[in-house]
Structures are given as structure tokens and as C-alpha cells.
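Subject: Structure for your review

Hello,

Here is the structure we spoke of, with notes on one pocket and one helix pair. Please read them alongside the model.

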Amino acid sequence: MTLRIGFVFDDTLDVLDGVQAHILTLGKELARRGNEVHYLVGQTEDRPVEHIHPLARNMMVAFNGNRMRIPIISKSSSIRQVLDDCRFDVLHVQAPYSPLFAGRVLTRADDSTAVVATYHIAPTGMLSYIGGKILGTINARTHRRIDEVIAVSKVAADYAHLTAHVDSCVIPNPVDVKDLRQRKAQAGQQSIDAFHGNGPHVVFLGRFVERKGAGVLIEALHWGESHHLFPEGMHVTFAGKGPLLEESKKQASDLRLHCSFIGFIEEHDKPSLLASADVAVFPSTGGESFGIVLLEAIASGSKVVLAGDNPGYRSTLMNQENALFPVKGEGRAQALAESMAKALTDHTWSEHVHDEEQALLTSYDVATVADQVEEVYHQAIGIRKH
């Protein structure tokens with residue numbers, strides 16, 4: 001049975017952050033299976049896939065340690081027109097959601113349309129909990145229209161329970177392993193070699209905001225260098241942009257080992273960069289509901305992936321202690337420095353960690369995730385029919 005599915009998302013598709021990557025990766029797989037997939041989204045200029053319906057004007061805000069866009073204006077007539085024209089079998093709303101757009105879509109959804117919500121958020125502190133509870137109260141009426149609830153991790157499920165008072169099943173974020181490997185192959189070994197350069201290569205990929213932990217990595221580089229832990233020729237590539245980029249450059253400026261800050265990395269270059277990593281380091285201190293970038297690095301072929309021990313990353317790595325390091329406390333710099341040094345010098349250990357991480361991919365591959373999501377869709381449709 002093929003379905004007509006509408007992903008509902010308050011934000012834009014002009015950038016490829018975590019939720020955007022989730023719905024586009026999942027949506028492409030669902031479309032490949034013969035379903036008709038539409039995207040009811042906030043203000044969007046680019047059209048990376050077909051059937052995109054921008055239905056709201058957005059404003060940039062800071063929330064939960066991230067910068068994001070929220071809808072400020074959406075036309076009820078435009079929403080109604082898309083719903084009438086498409087007659088969706090399933091609306092799949094990304095949560096938490098705004099009452100000014102996604103909430104309006106749910107209000108106007110036909111009674112026969114099944115509604116599924118996926119929660120993506122992990123709180124960074126009390127303010128995000130309070131904000132989530134307030135939003136949950138505002139959305140209480142429209143939330144009753146939702147038939148089934150998914151969360152991308154236990155962390156996100158706990159947040160959904162605390163803020164919206166709903167139980168959910170955990171289905172992880174998808175990663176398109178085949179696509180990443182194809183893009184790496186298309187780029188070629190020369191591209192990987194160009195990123196790798198000479199000597200052991202460490203890679204950081206992420207936004208330069210405090211919680212993503214570039215500063216934690218730089219602390220560890222200073223500690224390891226001063227204690228002569230690192231092998232000769234080790235060098236580090238920092239990829240990404242953000243408000244703390246210049247500060248991070250200053251913090252790294254007195255290191256003897258070479259650090260390159262290459263700025264924003266295009267999607268087509270990401271697999272080659274990650275494949276060039278002898279060690280890929282993601283030192284996020286918290287606020288992660290999941291760790292899609294960890295899986296992208298593993299699928300792309302990073303030899304070892306090391307992750308900050310926050311609940312979202314620990315969950316994604318299924319408690320693989322070898323790959324986790326502390327991101328809080330006085331000993332964090334030493335712990336990360338020692339883990340990087342071990343990954344670069346103890347080849348038996350690094351091969352063991354690599355094999356452990358590769359084994360994770362089956363659980364997160366988009367084909368596996370899409371099977372689970374389709375099952376939830378049919379459950380929700382069954383609820384509507386009865």
C-alpha cells in the first residue's frame with residue numbers, strides 16, 4: 001500500500017541541520033518505495049526535492065543552544081489549499097512544533113488523515129524544559145489530534161513525556177549509508193588524500209558554538225602537546241562556522257601542531273573530509289537528542305570516531321565506552337588527549353573500535369528506519385479508521 005505523506009516542519013529546508021537531514025533522508029527513501037512525499041515547511045527558497053510547499057514566513061531565534069528559524073506568519077488559506085489538494089494519508093509533524101504553523105496544519109487536517117509526530121529535542125537546561133512545558137500547554141489541544149508519537153532517542157522521549165505528557169516509541173534518526181559511500185566514491189581517493197595531508201589527521205566538524213565543544217578539543221590538544229602524547233606530524237582540521245570561530249582560532253594559535261580552520265564544508269565534500277580522519281572528534285557537551293554526525297563519520301569511513309559523553313551521543317553509540325570521553329570536569333582535556341593518542345598509536349585498539357562502530361550502521365541505515373516508520377504510519381491509519 002503506497003501512501004501520500006506530508007512532512008510538517010516549522011523551519012526552512014534551505015539549510016541542512018539535524019531535523020532537515022532527518023526528513024529529507026527519510027523522505028527520499030519513502031519516495032523511492034513508491035510513496036508520494038510532500039514537505040509542508042517554513043520559508044524555503046531552494047528546492048532540494050520535489051513537492052516542497054513553503055507556507056510560513058520565518059524569524060531567526062536562539063533556543064536550546066541552537067540558532068533556529070520559527071514561523072511568525074502563515075496563511076490559513078494556503079494551508080487549507082495544500083491539504084485540500086493533496087488529501088494526505090499521513091501528516092508527519094516534527095516536534096516540538098509552533099502553534100503558528102504546524103499547529104494550524106493539525107487544526108485543519110481532515111479527520112481521515114493520520115497524524116504522527118517525531119520528537120527531536122534534548123534539553124540543555126532548565127530554561128529549555130520550562131519553555132518546552134509552556135509550549136506543550138499551548139499545543140495541548142492540537143496535540144490531541146496526533147495518533148502516534150515517535151522520538152529519535154530515549155533522551156527525546158523523556159523530553160516529550162515531561163513537556164507534552166505523551167509516551168513515544170524510539171525510532172532513531174536515519175543515515176543513508178549507501179549514499180554517503182557513493183558520494184565518497186564519486187569524489188575519489190584524491191579528494192580524501194587532499195583533506196588528509198601528511199601525518200595523522202584529526203577532524204572536528206560542527207558549529208562553533210559552546211555546546212558543540214570545539215573549545216574542549218582545543219583544551220585537549222594543549223594538554224596532549226604539553227605532555228608529549230601525540231605522534232609526530234599529527235595535524236587537525238576544524239570544519240564549520242559559527243560565532244565562536246574567531247575565538248577558537250585564537251585559542252589554537254599557540255599550538256605547535258598544525259590546525260586548519262577551513263570554514264563551512266559543503267555536503268558533497270563532507271564524506272571525503274570524514275573519510276580522511278584517522279580520528280574524528282565530536283566533543284559536544286550536551287543538548288544532543290541524537291548523534292547523526294557520528295553515524296555520518298562512521299559510514300564515511302573515519303577510522304575512529306570519538307564522542308563526548310552526553311546522553312544523546314551515548315545512546316547513539318549504544319554505550320560503547322571506548323568511543324566516549326567525559327566533557328565535564330577538570331579531567332576532560334586529559335581524557336580526550338589520551339583517547340586521541342591511543343587511537344593514533346595503538347592500531348589493534350583502533351581497529352577494534354572501528355569494527356565496533358561499523359557494526360552500528362545496520363540499526364541506523366535509512367532502509368531499517370523507514371521500515372519502522374512505515375509500520376507506525378499504518379498503526380496511525382488504523383486508529384483513524386476505527
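Helices here are DSSP runs of H or I of at least four residues, numbered from the N terminus. Please keep in mind that this is a predicted model.

The pocket

The second largest pocket has a volume of about 280 Å³. Its lining is made up of 15 residues, and those closest to the centre are Glu210, Ala214, Gly215, Val216 and Leu244. Two elements, α9 (214-226) and α10 (245-252), each give two or more residues to this lining. The largest share is that of α9, with 5 residues. Sorted by class, the lining of the second largest pocket holds 6 nonpolar, 5 polar and 4 charged residues.

The helix pair

Helix α7 covers residues 177-187 and helix α12 covers residues 292-300; their axes come within 9 Å and cross at roughly 55°. The angle falls outside the ranges for roughly parallel (under 35 degrees) and roughly perpendicular (65 to 115), so α7 is oblique to α12. The crossing of the two helices, α7 and α12, is right-handed.

Which residues in α7 and α12 meet? From α7 they are Val177, Leu180, Arg181 and Lys184, and from α12 they are Glu296, Ala299 and Ser300. By class, the contact of α7 with α12 has 3 nonpolar, 1 polar and 3 charged residues.

Regards

Notes:
Residues are numbered from 1 along each chain as its sequence is written. This is a predicted model: local features need pLDDT of at least 70, side-chain atom pairs count only at pLDDT 80 or more; totals for chains, interfaces and linings use all residues. Side-chain values use heavy atoms; hydrogens and water are left out. On a 1 Å grid over the protein atoms alone, a cavity is a set of points where a 1.4 Å probe fits but cannot get out, and a pocket is an open set with protein on both sides within 12 Å along at least five of seven lines; lining residues have an atom within 4 Å of a point. Grid points are joined across faces, edges and corners, and a volume is the space filled by probe spheres set on the points. Ala, Val, Leu, Ile, Met, Phe, Trp, Tyr, Cys and Pro count as nonpolar, Asp, Glu, Lys and Arg as charged, and the others, Gly among them, as polar. Axes are lines fitted to C-alpha atoms, for helices over the stretch in contact, and angles run from 0 to 180 degrees between N-to-C directions. Angles under 35 degrees count as roughly parallel, over 145 as roughly antiparallel, 65 to 115 as roughly perpendicular and the rest as oblique. A crossing is left-handed if the near helix is turned anticlockwise from the far one by less than a right angle, and right-handed if clockwise. Contact means heavy atoms within 4.5 Å.
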